[in-house]
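Please report on the fold of this protein chain. Keep the account brisk and tied to the model.

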Amino acid sequence: MTAQTFEFQVEASRLLQMMVHSIYSNKDVFLRELVSNASDALDKLRIEALRDDSLGADVSDLHIAIETDKDARTLTVRDNGIGMSRDEVVGLIGTIAKSGTAEFLQKLEEARKAGNAADAEGLIGQFGVGFYSAFMVADEVTLLTRRAGEATGTRWTSTGEGTYTIEEVGDAPQGTAVVLRLKPADTDDQLFDYTEPWKIKEIIKRYSDFITWPIRLVTPAEAGKDGEEKAEDGDSEKPEPETLNSRKALWARPKSEVSDEEYHELYRHISHDWTDPLETIRINAEGTFEYQALLFLPARPPHGVFSHDKRGVQLYVKRVLIMEECEELVPPYLRFVKGVVDAQDLSLNISREILQQDRHIQLMRRRLAKKVLSTLKEMRAQRPEKYADFWREFGPVVKEGLVNDPDSKDAILAACSFATTHDAEKTATLQEYVERMREGQEHIYYLTGSSRSAVEDSPHMEAFRDKGLEVLILTDAVDEVWVDAVPEFEGKKLLSIAKGEAELGTEEEKEAAKAEREQQREEYAGLLEWLSERLGDEVKEVRLSSRLTVSPACVVSDTDDVTPGLRNMMRAMGQEMPESKRILEINPDHTLITGLRKAHADRPSDPSLEGMAELVHGMALLAEGGLPADPSRFTRLLAGRLERAL
């Protein structure tokens, strides 16, 4: 078939140019990425062969071969894995078909401008564009591939200058071979001679020693020389290629024999994240059901973690990879956890349907979740700075478990921490909050909002600040939901300070306040009735407030009503919720309210008082970050009132 020429997708062309022009200081990573891709292809073939007996693929000697030719200045990375069809080549190589390309390019530019080479290098694998890293060291890249089960292969060739060619190949071997025509070595530019065996060995040892499949080095020149020598001795056999990696499963080796760097390289291979993990967790379960696990807590959110794109750890059975992302082993609120689980007693051809029902899988899932949560609790106690970094990135995800995993609620709460009014810099656990509660305090108080400053400046805070009562500051979207799923902690009810009546102080103080409030209700009866009539379509009730000390008014929800924040969140998700009227509370000690009471008592029919009810209500809505029902009318009323005051 005649070769066809195509132009790169615009984003792909831009990406290639950025890579070629030395964005990455450590160009050795190209080989790590190509070997990682080859390893993934072998994993996929193994899994596919287990599922499909009719595939007809030879899986007796799955391996990765690295071939160098010093004279031709070529480096070839070859595998006999799953391979690709022509459509897959076009979709995965000719374009960047995966989502997130724009985000990748943006982050790449940011890392380059900041001079952060480590972050830039990590982006290659994180966004699944490792193949393109080959153009950092090659003037031309040729990919020859044939998908297992198909009769013909595909050859893809490009110099990375804007176009690529594709042609059909009839006699391509199963798997994929990537041939790089290398650029001249330039040590000043950190561009080494990648035909040198010592350099290949160094890179494989550093990045890929743990990979399950054998990585073999083939050097034709040396093989030919050795072959001639052996031929003179009457032996025409060529020497066996050298296997470069130890292939030792890190999770099966004693902890004392594995370095942190080896753990980190395994994490990078699994997660395609160049940064080191925050924490490494080992589990070795023995007894009636044996398994080993090696889990990692990332330092930063994996791409797509907040959109639930990918989650799950790798599932092995007796060192054989069965599933790359086994969601059944990780609850959704721990979807950021990366790692491997190696079970001894599962079937090699286990399916997802069986996994969902398997009792052993459910036991492992609970044990893994329990171990991760206990590790987080231990991190907070012993490594608070590391925990703070973790919680800043992943706290909102972990708190989802309070909603969707009620059986683990106590363990999740023990791993959680929350911002409070006690300390602007440090978070606190609910246990710490309870231990600091004032004598006679019955509830754990909280307030949700868009930011810490919005919560701290809320009128609802005034009486609590005045009395020195600590309040949880909850600013994540999930906070609107989990507080209803956790009604109490250690017998203390969680109570929103933006709901219901605010009854604060000792019993004696409450009784005194109640008597004073009764007297004020009599004094303000006329004003309350007038405001209720004026705002009847907007509010459920107008009442005197016991939570305000500075602001003239605020709006609160009834005890069992949905908060505006939760309603907005559900609306954003396409789920409309019925509207419920809220309560307007006015501050009987504020000069605006006392002046309004006197003016209304003296001049109940004065037309100049018209619109004051709307102004008071509108200001209360603005104070909590909301908007009046008719902002234009509110603005006109306010402008008119200000004009008359001049």
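Contact means heavy atoms within 4.5 Å. This is a predicted model, in which local features need pLDDT of at least 70, side-chain atom pairs count only at pLDDT 80 or more, and totals for chains, interfaces and linings use all residues. Residues are numbered from 1 along each chain as its sequence is written, and side-chain values use heavy atoms, with hydrogens and water left out.

## Overview

pLDDT is the predictor's confidence in each residue, from 0 to 100. The protein chain has a mean pLDDT of 84. In 83% of its residues the value reaches 70 or more. Over residues 221-236 the pLDDT is below 50. Beyond near neighbours in sequence, that stretch has 6 contacts in the model.

Helices (H or I, at least four residues) and strands (E, at least two) are DSSP runs, numbered from the N terminus. The protein chain has 22 helices and 23 strands. Buried means under 20% relative accessible area, exposed means over 50%, and partly exposed lies in between (1.4 Å probe, protein chains only). Of the 646 residues of the protein chain, 49% count as buried. Among contacts in the protein chain with a separation of 6 or more, 73% come from residues 24 or more positions apart.

## Strands 10 and 11

Two strands pair if DSSP finds at least two bridges between them. Strand 10 (residues 279-285) and strand 11 (residues 291-297) pair in the antiparallel sense, over 7 bridges. Ala285 has Tyr291 of strand 11 as its bridge partner. The hairpin of these strands has 5 residues between them, and Gly287 takes a positive phi near 125° there.

In a regular strand the side chains alternate between the two faces of the sheet. Strand 10 shows such alternation. Glu279, Ile281, Ile283 and Ala285 point to one face and are buried. Thr280, Arg282 and Asn284 point to the other face and are not buried.

## Three buried residues

Pro298 is found in the loop between strand 11 and strand 12 (313-317). Pro298 and Thr280 are 18 residues apart in sequence and 9.2 Å apart in space, C-alpha to C-alpha. Arg253 is found in the loop between strand 9 (242-243) and helix 8 (260-271). Tyr316 lies in strand 12. Tyr316 and Cys326 are 10 residues apart in sequence and 9.9 Å apart in space, C-alpha to C-alpha.

The table gives relative accessible area, and contacts that leave aside residues up to four places away in sequence.

| Residue | Relative accessible area | Contacts |
|---|---|---|
| Pro298 | 0%, buried | Tyr267, Leu278, Phe336 and Phe394 |
| Arg253 | 13%, buried | Lys248, Val258, Glu262 and Arg282 |
| Tyr316 | 6%, buried | Thr212, Trp251, Leu321, Ile322, Val340, Val341, Asp342 and Ala343 |

## Helices 10 and 11

Two packed helices are described by the angle between their axes and the distance between the axes. Axes are lines fitted to C-alpha atoms, for helices over the stretch in contact, and angles run from 0 to 180 degrees between N-to-C directions. Helix 10 (residues 359-382) packs against helix 11 (residues 384-398) at an angle of about 130°, with their axes 6 Å apart. Helix 10 and helix 11 are therefore oblique to each other. Angles under 35 degrees count as roughly parallel, over 145 as roughly antiparallel, 65 to 115 as roughly perpendicular and the rest as oblique.

Helix 10 contributes Leu376, Met379, Arg380, Ala381 and Gln382 to the contact. Helix 11 contributes Pro384, Lys386, Tyr387 and Phe390. By class, the contact has 6 nonpolar, 1 polar and 2 charged residues. Here Ala, Val, Leu, Ile, Met, Phe, Trp, Tyr, Cys and Pro count as nonpolar, Asp, Glu, Lys and Arg as charged, and the others, Gly among them, as polar.

## Later strands

Strand 17 (residues 443-448) runs parallel to strand 20 (residues 492-496), joined by 4 bridges. Tyr445 has Leu495 of strand 20 as its bridge partner. Strand 17 also runs parallel to strand 18 (residues 472-474), with 3 bridges. Tyr446 stands opposite Leu472 in strand 18.

An open sheet of 3 strands has the order 21-23-22, with mixed pairing. Its edge strands, strand 21 (539-544) and strand 22 (553-556), each pair on one side only. The twist averages 25° from one strand to the next. Strand 22 and strand 23 (residues 582-586) pair in the antiparallel sense over 4 bridges. Ala553 stands opposite Ile586 in strand 23. Helix 21 (residues 612-623) packs on the sheet and touches strand 21, strand 22 and strand 23. The direction of helix 21 makes about 65° with that of strand 22.
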